Amino acid sequence: MSVPHEAKPRTTAVVLAGGTGQRVGLAIPKQLLKIAGKAVIEHTLTIFEQAESVDDVIVLMAPGFVPEIEKIVAKAGLTKVTRIIEGGATRNETTERAIAALGEGLADGEDLNVLFHDAVRPLLSQRVIKDCVDALDRYQAVDVAIPSADTIIVTRTHGEDGEFITDVPDRSRLRRGQTPQAFKLSTIRRAYEIAAGDPKFQATDDCSVVLKYLPDVPIHVVAGDEYNMKVTQPVDVFIADKLFQLASSAAPRPADEARYRELLEGRTLVVFGGSYGIGADVAALAERYGAKVYALGRSTTGTHVENPVHIDEALTKAYSETGRIDYVINTAGVLRIGKLAETDNATIQEALHVNYLAPVQIARAAYKYLAETKGQLLLYTSSSYTRGRAEYSLYSSTKAAMVNLTQALSDEWAGDGIRVNCVNPERTATPMRTKAFGQEPAGTLLSSEAVARTSLDVLLSELTGHVIDVRQQDPTREASEASGFEQALAAVLDRQEDV
């Protein structure tokens, strides 16, 4: 039974957040647990905030915790969230409250697209949302599912002897259900109206209600994602946190020349590590578009990033001469390769001071200036940050620290309007790399100019708390159809050979 083609109705996402934290051993609802610096539900709501096909969002929250969600929504500026309602004692009752709220104010004959999504699935992709909404052009009910990689067994308990297998269903036909589950409001409302007359009515999801009480309505299945996981068990918290940590973002789309000039003219950039390589190229690009740039480096201005006095002097000079600092960039770094047991103290101290303590000092010193302009701090990591490897212990560990520093500061400084991001270029042709590895075959490395151009795009975006991959196989740097987590998985696999 398909729905006649017509103009798309309004689409509302209903985020079901009525669960508690009992299974993860918490005294608070699990949707309020922090993962990657934010409450799980904030990640979920942000996904729908960014979804072009979703018009508004309603939250059904566990009783007694509505004020917490109101604070999260207000602080994060989630403008699509229009109502926050207490959920019921059961999943069914919570859905019924949502259906009643959705029906308020609708004209006779008016219908809605409704997406019911578990608040504790914070890794939902934009692709799945779009596929669900598009499917509602043809169908009245839509589920999301993935094939089962595990063999499913049916068991029966025989007293004290425990469980025994009674059946092994054909795995090729088995699917693991996810959310969102999408419906025409009129369809899911009718299913629940019929179910209300059944004294034995009980269901753990909404598609099963349609299946049982509206058997003539086909339920279309949209392909889900393996990483659209539900945070239910303690191990899920760990896995989700790691996925957020490793996930990288596609670079923002490049602007045109006029837009670069509009955004940069009259702005002040301070670039540490600006003597050569990526830092020098960022400085040259920004200056070309009208920014006032202070490119600082050991060999050009005598600026040693490991010296906090030098950092303070550089920032004070830039501010006193221009009256503002909009962007602070640190590309300074050293690459020392060798077995840790054979590394002398001077080399260890240099790596720690330049690669870790210097960015920390730069961030501390830059804070007051960036808070004034609502500016951005841009740091750099390496493809080795996801996993330390032999003879790169100092470099890999300090570059992993840059990712953690970025994520922590973006959350810490969000209330001040300061954005913090981290660029992760794959192997790049820079003097530092040449010094460590010598000349490498042409075409195997990114150019520092390409990384600098992406860095500029990040500076001019609204991103914060992101690790932005710059990879040679994506020369246009346009966002692909893959989600950030699909890109993260591909990048992690690629990094097995990167340094």
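Buried means under 20% relative accessible area, exposed means over 50%, and partly exposed lies in between. This cut-off is used throughout the exercises on this predicted model.

**Exercise 1. Classify both partners of the Asp-206 and Arg-91 salt bridge as buried, partly exposed or exposed.**

Step 1. Find the contact. The side chains of Asp-206 and Arg-91 form a salt bridge, 3.3 Å from N to O.

Step 2. Place the residues. Asp-206 sits in the loop between helix 5 (185-195) and helix 6 (207-213), and Arg-91 in helix 3 (residues 91-103). The two are 115 residues apart, so the pair links distant parts of the chain.

Step 3. Apply the cut-off. Asp-206 has a relative accessible area of 0%, so it is buried. Arg-91 has 23% and therefore counts as partly exposed.

**Exercise 2. Which residues form a salt-bridge network with Asp-206?**

Step 1. List the members. Arg-91, Asp-118, Arg-121, Asp-206 and Lys-230 are linked in a network of salt bridges.

Step 2. Examine another pair. Asp-118 forms a salt bridge with Lys-230, and their closest N and O atoms are 4.0 Å apart.

Step 3. Locate this pair. Asp-118 belongs to strand 6, while Lys-230 is in the loop between strand 11 and helix 7 (234-246). They are 112 residues apart and link distant parts of the chain.

Step 4. Classify. Asp-118, at 7% relative accessible area, is buried. Lys-230, at 33%, is partly exposed.

Step 5. Recall the principle. Side chains of opposite charge can pair when their charged atoms come close.

**Exercise 3. Where do Lys-130 and Asp-134 lie, and how many residues apart are they?**

Step 1. Check the contact. Their side chains meet in a salt bridge at 2.8 Å, N to O.

Step 2. Place them. Both Lys-130 and Asp-134 lie in helix 4, four residues apart, about one turn of the helix.

Step 3. Classify. Lys-130 has a relative accessible area of 47% and Asp-134 has 31%, so both are partly exposed.

Step 4. Set the context. The structure holds 20 salt bridges.

**Exercise 4. Which strands stand at the edges of the seven-stranded sheet, and why is one side of each left without a neighbour?**

Step 1. Write the order. The sheet is open, runs 5-4-1-6-10-7-11, and has mixed pairing.

Step 2. Read the edges. Strand 5 (81-86) and strand 11 (219-223) stand there. Each has a single partner strand, so one side of each lacks a neighbour in the sheet.

Step 3. Add the twist. Neighbouring strands are turned by 25° against each other on average, direction ignored.

Step 4. Inspect one pairing. Strand 4 (residues 56-61) and strand 5 run parallel and are joined by five bridges. Leu-60 stands opposite Ile-85 in strand 5.

Step 5. Add the helices. Helix 1 (residues 40-49) packs on the sheet and touches strand 1 (11-17), strand 4, strand 5 and strand 6 (113-118). The direction of helix 1 makes about 175° with that of strand 1. Helix 4 (residues 126-135) also packs on the sheet. Among the strands helix 4 touches are strand 7 (141-147) and strand 10 (175-184). The direction of helix 4 makes about 155° with that of strand 11.

**Exercise 5. Which residues have backbone angles that call for a check?**

Step 1. Set the baseline. Most residues other than glycine have a negative phi, and most peptide bonds are trans.

Step 2. Check omega. A cis peptide bond joins Thr-179 and Pro-180, with omega about 15°. Pro-180 is in strand 10.

Step 3. Check phi. Lys-374 has a positive phi of about 55°. Glu-391 also has a positive phi, near 70°.

Step 4. Place both. Lys-374 lies in the loop between helix 11 (345-373) and strand 15 (376-380). Glu-391 lies in the loop between strand 15 and helix 12 (393-412).

Step 5. Classify. Lys-374 is partly exposed at 47%, and Glu-391 is partly exposed at 37%.

**Exercise 6. Which residues make the nonpolar surface patch of about 270 Å²?**

Step 1. Name them. The patch is made by Ile-153, Ile-165 and Val-168.

Step 2. Take one member. Ile-153 is in the loop between strand 7 and strand 8 (154-157). At 43% relative accessibility, Ile-153 is partly exposed.

Step 3. Widen the view. The protein exposes about 23800 Å², and carbon and sulfur atoms supply 51% of it. Of its 499 residues, 48% count as buried.

Note on methods:
Residues numbered from 1 in each chain as written. Predicted model: local features only at pLDDT ≥ 70, side-chain atom pairs only at ≥ 80, totals over all residues. Heavy atoms only, no water. Buried < 20%, exposed > 50% of the residue type's maximum accessible area, 1.4 Å probe, protein only. Areas by Shrake-Rupley, 256 points an atom, 1.4 Å probe, with all protein chains shown as cover. Pairing = 2+ DSSP bridges. Axes fitted to C-alpha atoms, helices over the stretch in contact; angles between N-to-C directions. Contact = heavy atoms within 4.5 Å. Patch = residues over 30% accessible without salt bridge, like charges linked within 9 Å, V, L, I, M, F, W, Y side chains within 5 Å.
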